[in-house]
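User: Please take a close look at one part of this model, the open sheet, and at the charged pairs that go with it. I am a first-year student, so plain wording would help.

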Amino acid sequence: MKYFIGIVLFTLLFISQIYAQEFSSSSGLIKVITIAKGLEHPWGFVFLPDDRILVTERPGRLRIISKNGDLSDPIQNLPKVYNEGQGGLLDIALDPNFTQNHFIYFSYAEEIDGKAGTAVAQATLNDRVLENVKVIFRQYPKVIGDNHWGSRLVFAKDGTLFITLGERFDYRDKAQDLSTDLGKIVHINKDGTPASNNPFLHQKNVLPEIWSYGHRNVQGAILNPDTGILWAAEHGPRGGDEINIIEAGKNYGWPQASYGSHYTGVPIPDEHASHGFIEPIYHWTPSISPSGMMFYTGDRFPQWKNNLFLGALSGECLIRLEIKENKIVKEERLLQDLEERIRDIQQGPDGLIYLITDNDDGRILRLEPSN
């Protein structure tokens with residue numbers, strides 16, 4: 001009997017160590033708790049008003065995570081996604097008036113006639129079914145290939161929507177071409193029409209939805225809560241990952257300027273300002289592959305108030321950045337011993353920090369102060 005009890009206690013201790021781990025930071029120990037697992041390459045997530053979590057899986061599934069960590073069956077009536085390479089079902093966002101209209105928005109890789117591009121759809125979330133699914137944006141043109149989709153969705157304070165778009169890898173020169181959506185950040189109304197304050201709205205031979213250009217693969221984006229201005233993080237080639245403050249009509253340089261080098265080893269000029277490009281406020285070499293972004297505004301980690309956090313994929317960590325006057329003054333890498341690809345990060349309604357890990361058995365993690 002004692003042996004049996006000992007086995008049970010050891011098993012419970014082992015399980016608790018799997019689901020709750022402590023990691024050091026410059027501010028002391030933090031506790032990491034697994035609240036859900038069994039997700040296949042989760043990409044984006046949001047909190048519903050009742051504190052459940054809506055999460056995408058890249059192969060093309062949308063699920064709801066209950067408060068106790070249970071995964072729902074896949075939500076029905078999603079459009080077909082192009083699940084190849086980096087493509088699939090990607091980001092998710094709630095309408096600013098979700099409690100009234102139940103609209104959600106999601107980005108995904110869409111294939112038509114052998115070519116593909118990033119698309120964004122609006123739908124009504126009705127329990128476990130999507131209704132009135134409508135594509136409100138399609139990246140132009142669709143091309144052959146399965147990499148660099150961008151795909152972060154960020155609502156501006158006026159209810160308009162920013163969409164980040166990759167240059168689709170083999171089409172890097174199109175990032176400078178204003179007649180395409182490749183390598184751009186676009187800005188639309190919720191019905192898909194171009195936003196009224198877009199910088200190229202009435203220019204000939206320029207797509208009216210374009211907000212900024214010269215981007216490579218922007219997988220992180222967030223509004224600065226103090227200014228309402230969009231900040232974005234994008235992947236460089238071999239090095240040169242960037243954080244940029246996004247200004248309307250500005251050119252961010254790719255592929256003519258980068259702090260990285262081509263995969264062939266050929267260097268890329270790193271002069272931005274001298275060519276009229278916007279200089280990144282921060283960059284990394286070697287690459288960390290930045291993904292989801294979050295400004296922390298809660299009270300559970302008061303020492304981190306107003307810090308910027310990023311998930312790192314190849315860097316396999318959570319990056320914390322201290323900011324002063326729009327400049328990064330300190331970087332700290334957290335959770336490195338976890339050895340997980342951090343895909344997205346959100347501040348929960350409880351003021352705690354939530355992450356998703358990008359792998360075959362992806363998890364949702366919660367960070368808590370270790371008291």
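**The open sheet and its charged pairs**

Analyst: In this predicted model, 4 strands make up an open sheet, arranged in the order β6-β7-β8-β9 with antiparallel pairing. The edges are taken by β6 (89-94) and β9 (129-138); each has a single partner strand, so one side of each has no neighbour in the sheet. From one strand to the next, the twist averages 30 degrees.

Inside this sheet, β7 (residues 103-112) and β8 (residues 115-126) are paired in the antiparallel sense over 10 bridges. One residue pair can be picked out: Glu111 has Ala116 in β8 as its bridge partner. In a regular strand, side chains alternate between the two faces of the sheet.

Now to the charged pairs. Side chains of opposite charge can pair when their charged atoms come close. The model has 18 salt bridges, counting a side-chain nitrogen of Lys or Arg within 4 Å of a carboxyl oxygen of Asp or Glu.

One of them involves the edge strand β6. Arg152 and Asp91 meet through their side chains in a salt bridge, at 3.0 Å from N to O. Asp91 is in strand β6 and Arg152 is in the loop between β9 and β10 (153-155), so the pair ties together parts that are 61 residues apart in sequence. Is each partner buried or exposed? Arg152 has a relative accessible area of 3% and is buried. Asp91 also counts as buried, at 4% relative accessibility.

Another salt bridge joins Lys190 and Asp95, whose closest N and O atoms are 3.2 Å apart. This pair links distant parts of the chain: Asp95 is in the loop between β6 and α2 (98-101), while Lys190 is in the loop between β12 (184-188) and β13 (210-213), 95 residues apart. Here the partners fall into separate classes: Asp95 is buried, with a relative accessible area of 3%, whereas Lys190 is partly exposed, with a relative accessible area of 24%. The cut-off for buried is under 20% relative accessible area, so Lys190 at 24% does not meet it.

For a view beyond the open sheet, consider β1 (residues 20-25) and β2 (residues 28-39), which run antiparallel and are joined by 6 bridges. They form a hairpin with 2 residues between them. Within this pairing, Phe23 stands opposite Ile30 in β2.

Conventions
Residues numbered from 1 in each chain as written. Predicted model: local features only at pLDDT ≥ 70, side-chain atom pairs only at ≥ 80, totals over all residues. Heavy atoms only, no water. Pairing = 2+ DSSP bridges. Axes fitted to C-alpha atoms, helices over the stretch in contact; angles between N-to-C directions. Buried < 20%, exposed > 50% of the residue type's maximum accessible area, 1.4 Å probe, protein only.
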